[in-house]
Amino acid sequence: GINAEYMGIIDLHTKLEESVERTYTEEEVARYLGFARMFKPKVCMEAQELLVQQYKHLRQRDTGGSAKSSWRITVRQLESMLRLSESFARLHCSEEVTAKHVKEAYRLLNKSIIRVDQPDVDLDNDDAPEEDPAEENMETDAEPEPTETTKKPMKLTYEKYKKMSFLLIDYIKNKEETLEATEGGDTDNTPKRSDVVNWYLEELSGEIESQEELVEHRQIVEKVVDRLIYQDQVIVPLTNTTKGGEAEDPFLVVHPNYIQDQ
C-alpha cells in the first residue's frame, strides 16, 4: 500500500506517469488492504518486552538530557506504539506482532516527538536504510562501536544540518516547479542524487581551497542527502533505468507532505 501511494505522489509531482511501471493496480491494492484488515495479530513475548523497553527509553529521554521533548511522554505513547505495531503486522498479513514491527513503530513515534535543544547530528551511520537484522534494539542514543579508530567522526551541529537540508530541499523543489511550469514532463530536468551533490559543492566553491576540503565537503553533503532520504524520509528516490535513474544515482523528488520548519 505504501509503495502504491509513493508511486502516485511521484506521478503527481514529477510528471513521470509514462515512465513509472506500476506493479499493482488500485483495485489490487484496495483488495490487499481489505484482506490485511482481517488479521488480528497477537503480540509475542519478545515484542512485549521490546515495547516496554522502548517506552522506558522514551521516558528517560523525556526526563533528562539536553534534548527534552516539548510534551510529556505518557501511557498514551505506549498505546500508540502498540497500535502502530499491530498495524505493521496487519500490513504484512502477520498473525503475530514481532520485534521488527515494534522497532518500526518506535521509529515513527520517535520521529513525531518534537524536541528542543537538538544534539549534534551524527552522519557516520545515517547514509543507508535503517533495516538492519543485526541490530538488537532501537536505542538511538547508543554510541556506535568504534571500528575505525583513525577515522574522523563526521558530525554536524543541528543548526548546520538544518541549514544544509533546507538548501538541498529548496533546490530540488525549485527543479520540480520549473518542470511543472514547462508542462514538458522532461525527466532530464528532475535532479539526480549526483546533480544535487554537485550543485551544493558549486555553491561552496568560493570557500573550498584544496582538493582535501573538496573531498571532505563531498562526503558530508552525500551523507546529508542520504540521511534526508533514508532517515528523515523527506526526499523520495526514484530509480528509473530507462530514463537514466540508476539505483546508485536515483532521481530525487521532495515528499509533498513535507513542511519546512520555521
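Which residues does S94 touch, not counting residues up to four places away in sequence?

## Surroundings of S94

S94 touches F39, P41, A89 and H101 once residues up to four places away in sequence are set aside. The residue is placed in the loop between α4 (75-91) and β2. Its relative accessible area is 17%, under the 20% limit, and therefore S94 counts as buried.

## Confidence of the model

The structure is a predicted model. For the protein chain the average pLDDT is 78, and 68% of the residues score at least 70. Confidence is lowest in helix α1 (residues 2-14), where the mean is 62. It is highest in strand β2 (residues 96-97), at 95.

Two stretches deserve separate mention. Residues 65-70 stay under a pLDDT of 50, and the model has 17 contacts for them beyond four places in sequence. Residues 146-150 are also below 50, but this stretch has 0 contacts in the model beyond near neighbours in sequence.

## Salt bridges

The structure holds 4 salt bridges, and three are described here. Side chains of opposite charge can pair when their charged atoms come close.

In helix α5 (residues 99-112), R107 and E104 lie 3 residues apart, about one turn of the helix. Their side chains meet in a salt bridge at 2.9 Å, N to O. R107 is buried, with a relative accessibility of 7%, whereas E104 is partly exposed at 28%. Helix α6 (residues 158-182) holds both E159 and K162, again 3 residues apart, about one turn of the helix. The N to O distance in the salt bridge between E159 and K162 is 3.9 Å, within the 4 Å cut-off. E159 is exposed, at 52% relative accessibility.

The side chains of R193 and D226 form a salt bridge at 3.0 Å, N to O. R193 belongs to helix α7 (residues 193-203) and D226 to helix α8 (residues 211-230), so this pair ties together parts that are 33 residues apart in sequence. Both R193 and D226 are buried.

## Helix α8

Helix α8 has 20 residues. From its first C-alpha to its last, α8 reaches 28 Å, close to the 28 Å expected at 1.5 Å a residue.

The buried residues of α8 are I220, V221, K223, V224, V225, D226, R227, L228 and I229. The buried set thus includes the charged residues K223, D226 and R227, and D226 is the salt-bridge partner of R193.

## Nonpolar cores

In soluble globular proteins, nonpolar side chains tend to be buried together. The largest nonpolar core in this model has 28 residues. The residues with the most contacts inside this core are L168, V221, V224, V225, L228 and I235. At least two residues of the core come from each of α6, α7, α8 and β6 (251-254). The most is given by α6, with 7 residues.

V224 in α8 is one of the buried residues of that helix. Leaving aside neighbours within four places in sequence, V224 is in contact with L123, L156, Y161, M164, S165 and L168. Apart from the largest core lies another core, of 17 residues. Among the residues of this other core are L50, L58, I73 and F88.

Terms used:
Residues numbered from 1 in each chain as written. Predicted model: local features only at pLDDT ≥ 70, side-chain atom pairs only at ≥ 80, totals over all residues. Heavy atoms only, no water. Helix = DSSP H or I, 4+ residues; strand = E, 2+ residues; numbered from the N terminus. Buried < 20%, exposed > 50% of the residue type's maximum accessible area, 1.4 Å probe, protein only. pLDDT = per-residue confidence, 0-100. Contact = heavy atoms within 4.5 Å. Expected span 1.5 Å × (residues − 1). Core = buried A, V, L, I, M, F, W, Y, C linked by side-chain atoms within 4.5 Å.
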